[in-house]
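Hello,

As promised, here is the structure we talked about. Have a look at it first, and then read on for what turned up.

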Amino acid sequence: MPDGADEPAPPAARPRGGLGAVLKKRWRGWLRAVHRDLGYLAVGFTIIYAVSGLAINHIADWDPNFKASERTITIAPIPADLPDAEAVQRVVAAAGTGTPDDVFRAGDEIRLSYASGTQVTAIGDTGEVTIQARSSRFFLRVANWLHYNRGKKAWTYLADLYAVMLLYLAVSGIFMIKGRLGLRWRGAVLVSLGVAIPAAYVLLSGGPGTPST
Amino acid sequence: MTDRANDCPDLERHPDLARAWDRRTFLKTAAVGTAFMAAGGALVRIAADDLSREARASKRPDGRPRLPPGQRAIEYLKPMGGTEGNGDVRAFKLRVYGAVKTPLELDYAALLKLPQVQKEADVHCVTGWSLLGGLWKGVQIALLAEKAGVASDARYVILEAAHGFTANVPLSEAMKDNALITYRLNGKPFARQHGAPVRGLIPDLYFWKSAKWLTAIRFSKDDKPGYWEVRGYHNVGDPWKEQRYA
C-alpha cells in the first residue's frame, strides 16, 4: 500500500447465490427503475391522450378542434336579376370582410369565400347575411387527430406501444413500493376500488346494449 | 392525544402524526370541494333546463312525446366532430344511384333548382341533446327517389358522405316528407362543422343518420350497416325506443 494513498473502499456487498437469489433481492428495484424510465417516456403520450380525452369526452358541450364564430346581419333583399358584381358589392359592404377570393351565386344565395376560411353567405330573398369564421385550436386539434388515430399508418403501432407501456406502469405501480403493510389495507382497497368502479358502473347501467339516459 | 375542541391531535407533542394528518385533511377537503362543485353544477343544469321541461310536457302530432326519453333540449346545434368534407359549394356533387333506373349527379346550383321545401323538425343526438323546432330547407329525398326512379324492391337508403362515412336508413324513413337533403337551418347556411354545404336530414332517427358533408344517396335492396352502425351503435336508431347502441 503506497504511502498517502487512501485505503480503497471494500467492494459492495453482492447478494449470495444464483440468478434466482439476485432476482429475489433486487426485483423491486428493477421494477422501479423500469417504471421510472417508462414513466418519463410516457409523459408526452399521456399529456396528448389525457388532454385530448378530456376534450373529446365533452364534445357535446364544445368544439374540441375549432373556435367558431358566426354573426348575422340583415340588409335589403337582393333581387335575383341584380348583376353579380353589384350584388357582391352590396354583400361585401354589409359584411365588411373585404374583397372575396371566390364568389358563387346560385338560386337565392350569394356565397363569398376567403382564403382565411371565412365564408359569407347572403340569402337574396331575405337579405340575411351570415358571416362564418373559425380558427383551429392548434394543440387540441393535433392531439385529437392522434387520439382518434385519424392518420393511421405508424401511429397505430406507436399507440399500441404506449398502451403496453401503460399496462406495465399500472401493474408495476402495484409492486413498486412495498410499504409497511404491503398490498394489505391501502393497496388492496385502492386497487379493488379501481376495479370495482367500472364494474359497478357496468352493472348499474346495464352495460352495452342498454339504452343510456 | 386529541384536542376534542377541533378534533385535531396535538401535533406538537406527536410530530410523527403531522404528515398523516395533513394528508387526511387534504383528502377530506378535496373530496368535500369536489362533491360541492359537482352538486352545484348539477343543480344549475337542472334548474336552467326549462326548455326540456316544456318539451317533455308536449306531444307530437303522432302522439309521441316531443322529447324522446333520455334527451334534453338545447338551443343550438352542437358540433359533434367527424372528418370534415370540403365544405365548398363549388366542389359539391351529389350522386343518386344504386337501385334506380336513372342515376343522377347534381351540383349545388342544380340542387337549388329543384323544388325546395322548408320543414320544421326536431333532431335528436344519440349523446343526449335535442334541437327542437328547427326550420330546415332543402330537397325531399322522396323527390330525388322519384326523379331517379327507385326500383320497387329497394328497401334501404345509404347516405354517403365525405371520407367514406355512411349511414343506413330504412327506405320508409327516408321517404317521409320531412326527410331532406338540406343546406339551410333557420335561414342560415350550415357552418363547416355542421356538414356544409349539404347534409342529410332524417329527423325521426338519431341524428348520426343525418349524414354531414353528404356526397351521395344510394338506394339499396339490402341493408348495409354504416360507419357508426358497425361500431356498436344501433342499426335503426329510433330515439323513442332509445335504440342508441346495438
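In this predicted model, Tyr156(B) sits across from Pro170(B), which belongs to β9(B). Tyr156(B) also has a counterpart in β13(B), where Ser220(B) stands opposite. A little further along, Ile158(B) has Asn168(B) as its bridge partner in β9(B).

The strand that carries these residues, β8 of chain B, covers residues 156–161. Its pairing with β9(B) (residues 166–170) is antiparallel and runs over five bridges. The two strands make a hairpin with four residues between them, and in that turn His163(B) has a positive phi of about 60 degrees. You may like to check that residue by eye. The partner β13 (residues 214–220) of chain B is also antiparallel to β8(B), and six bridges join the two.

How buried is β8(B)? Six of its six residues are buried, so the strand is largely enclosed by the rest of the structure. Tyr156(B), Ile158(B) and Glu160(B) point one way, while Val157(B), Leu159(B) and Ala161(B) point the other way. Both sets are buried, and that includes the charged residue Glu160(B).

Stepping back to the sheet, chain B has five strands in the order β5-β4-β13-β8-β9, forming an open sheet with mixed pairing. Its edge strands are β5 (104–107) and β9, each of which pairs on one side only. From one strand to the next the twist averages 15 degrees.

Now for chain A. Its secondary structure consists of five helices and five strands, and along the sequence the pattern reads α-β-α-β-β-β-β-α-α-α. Of the 213 residues in chain A, 13% are buried. Among contacts in chain A with a separation of 6 or more, 56% come from residues 24 or more positions apart.

One helix pair in chain A is worth opening in your viewer. The axes of α1(A) (residues 19–57) and α4(A) (residues 154–175) come within 9 Å and cross at roughly 140 degrees. Angles over 145 degrees would count as roughly antiparallel, and α1(A) and α4(A) are therefore oblique to each other. The crossing of α1(A) past α4(A) is left-handed. On the α1(A) side, the residues that meet α4(A) include Leu31(A), Val34(A), Leu38(A) and Phe45(A). On the α4(A) side they include Tyr162(A), Met165(A), Leu169(A) and Phe175(A). By class, this contact is made up of 12 nonpolar, four polar and one charged residues.

Finally, where do the two chains touch? The contact takes 24 residues from chain A and 25 residues from chain B. On the chain A side, the elements that give two or more residues are β1 (66–74), β2 (102–106), β3 (109–113), β4 (119–123) and β5 (128–136). Of these, β1(A) gives the most, with four residues. The chain A side divides into nine nonpolar, 10 polar and five charged residues.

Over to you, and happy browsing!

Best wishes

Terms used: Residues numbered from 1 in each chain as written. Chains lettered and ligands numbered in written order. Predicted model: local features only at pLDDT ≥ 70, side-chain atom pairs only at ≥ 80, totals over all residues. Axes fitted to C-alpha atoms, helices over the stretch in contact; angles between N-to-C directions. Parallel < 35°, antiparallel > 145°, perpendicular 65-115°, else oblique. Left-handed = near helix turned anticlockwise from the far one by under 90°. Contact = placed C-beta atoms within 7 Å. Buried ≥ 20, exposed ≤ 12 C-beta atoms within 10 Å, placed from the backbone. Pairing = 2+ DSSP bridges.
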